[in-house]
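Trainee: I would like a close look at a single part of this protein rather than a quick tour of the whole. Could you take me through it slowly and explain each term when it comes up?

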Amino acid sequence: MKKCFCSLFIIIINLFYSISQAAIVDAIYWSNLMENTISRADIDGANIEQIHDSTNTQATLGLAVDYVNSKIYWSNYSVYNDIRRSNFDGTEVEILVDALDLPSGLFMDFDNDTMYFSASNPEQAIIYSSTIDGGNVTEMCHLNNENVD
């Protein structure tokens, strides 16, 4: 296990935490922390549609769009503590990785079939990698209180 110093930069704009644009489908996707929803709209803001409610989302802090395979991915920071994906329209929800300590950041490297995500608790923060389907979860970077000044 490698030890490293990791930073997570969080920007909250109008209570929307994660925003991702799907260039091929001319749509934008976002999560709303206050309502525990994931929604989408046309790139011009028209046709706003909620595609997930609190049944599948709780404090979504990471959101990624796979426009080639028409999938969205998200991390659930509380209650569920997992990484999920679904089709663009919200159907076929899959839990890819579960039993995480407060997962937050999410980055997809579709060219290399790799997903990166972070999870943390008061004692430690960990960055993981896995395959896009959630297999082969590997701890990449571990930061605990011993490393922090």
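Mentor: What follows is a close look at one sheet and the core linked with it. The model is predicted, which is why local features need pLDDT of at least 70 and side-chain atom pairs count only at pLDDT 80 or more, while totals for chains, interfaces and linings use all residues. Residues are numbered from 1 along each chain as its sequence is written, and side-chain values use heavy atoms, with hydrogens and water left out.

As a setting for the sheet, the protein has zero helices and twelve strands, where helices (H or I, at least four residues) and strands (E, at least two) are DSSP runs numbered from the N terminus. Of the 149 residues in the protein, 46% are buried, that is, under 20% relative accessible area, with exposed meaning over 50% and partly exposed in between (1.4 Å probe, protein chains only).

The sheet itself is open and has four strands in the order β9-β10-β11-β12, with antiparallel pairing; two strands pair if DSSP finds at least two bridges between them. Strands β9 (103–109) and β12 (138–144) stand at the edges with a single partner strand each, so each has one side without a neighbour in the sheet. On average, neighbouring strands of this sheet are turned by 15° against each other, direction ignored, with axes taken as lines fitted to C-alpha atoms (for helices over the stretch in contact) and angles running from 0 to 180 degrees between N-to-C directions.

Between β9 and β10 (residues 114–121), which run antiparallel, there are five bridges, and L106 has F117 in β10 as its bridge partner. M115 also lies in strand β10, and it counts as buried at 0% relative accessibility. Although M115 and S129 are 14 residues apart along the chain, their C-alpha atoms are separated by 5.5 Å.

L106, F117 and M115 appear again, together with Y73, as the residues with the most contacts inside the largest nonpolar core, which has 14 residues. Such a core is a set of buried Ala, Val, Leu, Ile, Met, Phe, Trp, Tyr and Cys residues joined through side-chain atoms within 4.5 Å. The elements giving two or more residues to this core are β8, β9, β10 and β11 (124–131), and β10 gives the most, with three residues.

Y73 deserves a look of its own. At 1% relative accessibility, Y73 counts as buried, and, not counting residues up to four places away in sequence, its contacts (heavy atoms within 4.5 Å) include L63, L96, L106, M108, F110 and M115.

Four aromatic pairs are counted in all, where rings of Phe, Tyr and Trp (its six-membered ring) pair if their centres lie within 6.5 Å, and planes under 30 degrees apart count as stacked, over 60 as edge-to-face and the rest as tilted. One of them, Y29 with F88, is tilted, at 5.3 Å centre to centre and 35° between the planes. The ring centres of Y73 and F110 are 6.0 Å apart with the planes at 50°, so that pair is tilted as well. Y73 lies in strand β6 (residues 71–76) and F110 in the loop between β9 and β10, so the pair ties together parts that are 37 residues apart in sequence. Whereas Y73 is buried, F110 is partly exposed, with a relative accessible area of 32%.
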